[in-house]
Amino acid sequence: MNKIKNNMFLIFIVVIIGIVSLYKIDLGINILLSTTNSLKDMLILLPPIFILIGLLDQWVKTETLVKYMGKESGITGIIFSLVLATVAAGPLYMAFPIAVLLINKGASLRYIVFFLGAWSSVKLPVLVYEFNSFGFKFTLIHILFSLIFYYFTGILFEKVFSSNDLAKIKELSSSYK
């Protein structure tokens, strides 16, 4: 019974695909193939990220990370988060394990939110595509507004979430190690 409860989302997806397949078999097959390809991509990308996170967890001292991304880091935290996100490759779901590592190492919530936002919109491949497709002016406006928005969203998150909330997040994330 507990296994069923833990896999309700998967069961729900399978049921939906089954219902769609009853009405339109071609659409059901396309959904199944698309889902399978997405899962394969995710399973290929996540193990290297977890290895990298394990190495970073061992190699980067907490004091060093707090120095560059802690509450008192100032502009250094912004630059460090931006560089870390800009050179990243891969979809956004790969950034969340890194964000958990940053939380556990004592990074400020402001810079973690900024990092996640920058990962989603300011990666180098995205910038190159935007610049070539939409021009310099659009790309610059998009980057500036996005980064300002993500920074102030990070500040808002720091105000909304208490230190107890962050302690609960740290506790939950450490239970997955």
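**Exercise 1. Is Lys159 buried or exposed?**

Solution. This is a predicted model. Start with the location: Lys159 sits in helix H9. Next, take the relative accessibility of Lys159, which is 70%. The cut-off for exposed is over 50%. Lys159 therefore counts as exposed, at 70% relative accessibility. For a sense of placement, take Ile75 as a reference. Lys159 and Ile75 are 84 residues apart along the chain. Their C-alpha atoms are separated by 19 Å.

**Exercise 2. Classify Thr153 and find a partner for its side chain.**

Solution. Thr153 belongs to helix H9, residues 136-160. Its relative accessible area is 17%. Buried means under 20%, so Thr153 is buried at 17%. Now turn to the side chain of Thr153. It reaches the backbone oxygen of Phe149, at a distance of 2.7 Å.

**Exercise 3. Describe the surroundings of Glu130.**

Solution. Work from the element down to the atoms.

1. Glu130 lies in helix H8, which covers residues 124-134.
2. The relative accessible area of Glu130 is 9%. With the cut-off for buried at under 20%, Glu130 is therefore buried.
3. Set aside neighbours within four places in sequence. Glu130 is then in contact with Gly135, Phe138, Thr139 and His142.
4. Look at His142 in detail. Glu130 and His142 are 12 residues apart in sequence, and their C-alpha atoms are 9.3 Å apart in space.
5. Their side chains make a polar contact with each other, at 3.1 Å.

**Exercise 4. Summarise the overall fold of the protein chain.**

Solution. Count the secondary structure: the protein chain has 10 helices and 0 strands. Read from the N terminus, the order is α-α-α-α-α-α-α-α-α-α. Then take the extent. The C-alpha atoms fill a box of roughly 55 × 50 × 30 Å along the principal axes. Burial comes next: 29% of the 177 residues count as buried. Finish with the contacts. Among those with a separation of 6 or more, 72% link residues 24 or more positions apart.

**Exercise 5. Which residues have the most contacts inside the largest nonpolar core?**

Solution. The largest nonpolar core holds 29 residues. Leu102, Ile112, Phe115 and Trp119 have the most contacts inside this core. Now trace the elements. H3, H4, H6, helix H7 (109-121) and H9 each supply at least two residues of the core. H7 gives the most, with 7 residues. Zoom in on Ile112. Not counting residues up to four places away in sequence, Ile112 touches Ala99, Leu102, Ile103 and Ala107.

**Exercise 6. Characterise the largest pocket and its lining.**

Solution. The search idea is simple. Rolling a probe the size of a water molecule over the atoms shows where empty space is left.

1. Volume: the largest pocket has about 310 Å³.
2. Centre: 18 residues line this pocket, and the closest to its centre are Leu52, Leu56, Leu84, Ile98 and Leu101.
3. Elements: helix H3 (25-59), helix H4 (62-69), helix H5 (75-86) and helix H6 (95-104) each give two or more residues to the lining.
4. Largest share: H3 contributes 4 residues to the lining of the largest pocket.
5. Class: the lining has 15 nonpolar, 1 polar and 2 charged residues.

Key
Residues are numbered from 1 along each chain as its sequence is written. This is a predicted model: local features need pLDDT of at least 70, side-chain atom pairs count only at pLDDT 80 or more; totals for chains, interfaces and linings use all residues. Side-chain values use heavy atoms; hydrogens and water are left out. Buried means under 20% relative accessible area, exposed over 50%, partly exposed in between (1.4 Å probe, protein chains only). A polar contact is a pair of N or O atoms within 3.5 Å; within protein, one must be able to donate a hydrogen and the other to accept it, and residues adjacent in sequence count only if both atoms are side-chain atoms. On a 1 Å grid over the protein atoms alone, a cavity is a set of points where a 1.4 Å probe fits but cannot get out, and a pocket is an open set with protein on both sides within 12 Å along at least five of seven lines; lining residues have an atom within 4 Å of a point. Grid points are joined across faces, edges and corners, and a volume is the space filled by probe spheres set on the points. Ala, Val, Leu, Ile, Met, Phe, Trp, Tyr, Cys and Pro count as nonpolar, Asp, Glu, Lys and Arg as charged, and the others, Gly among them, as polar. A nonpolar core is a set of buried Ala, Val, Leu, Ile, Met, Phe, Trp, Tyr and Cys residues joined through side-chain atoms within 4.5 Å. Contact means heavy atoms within 4.5 Å.
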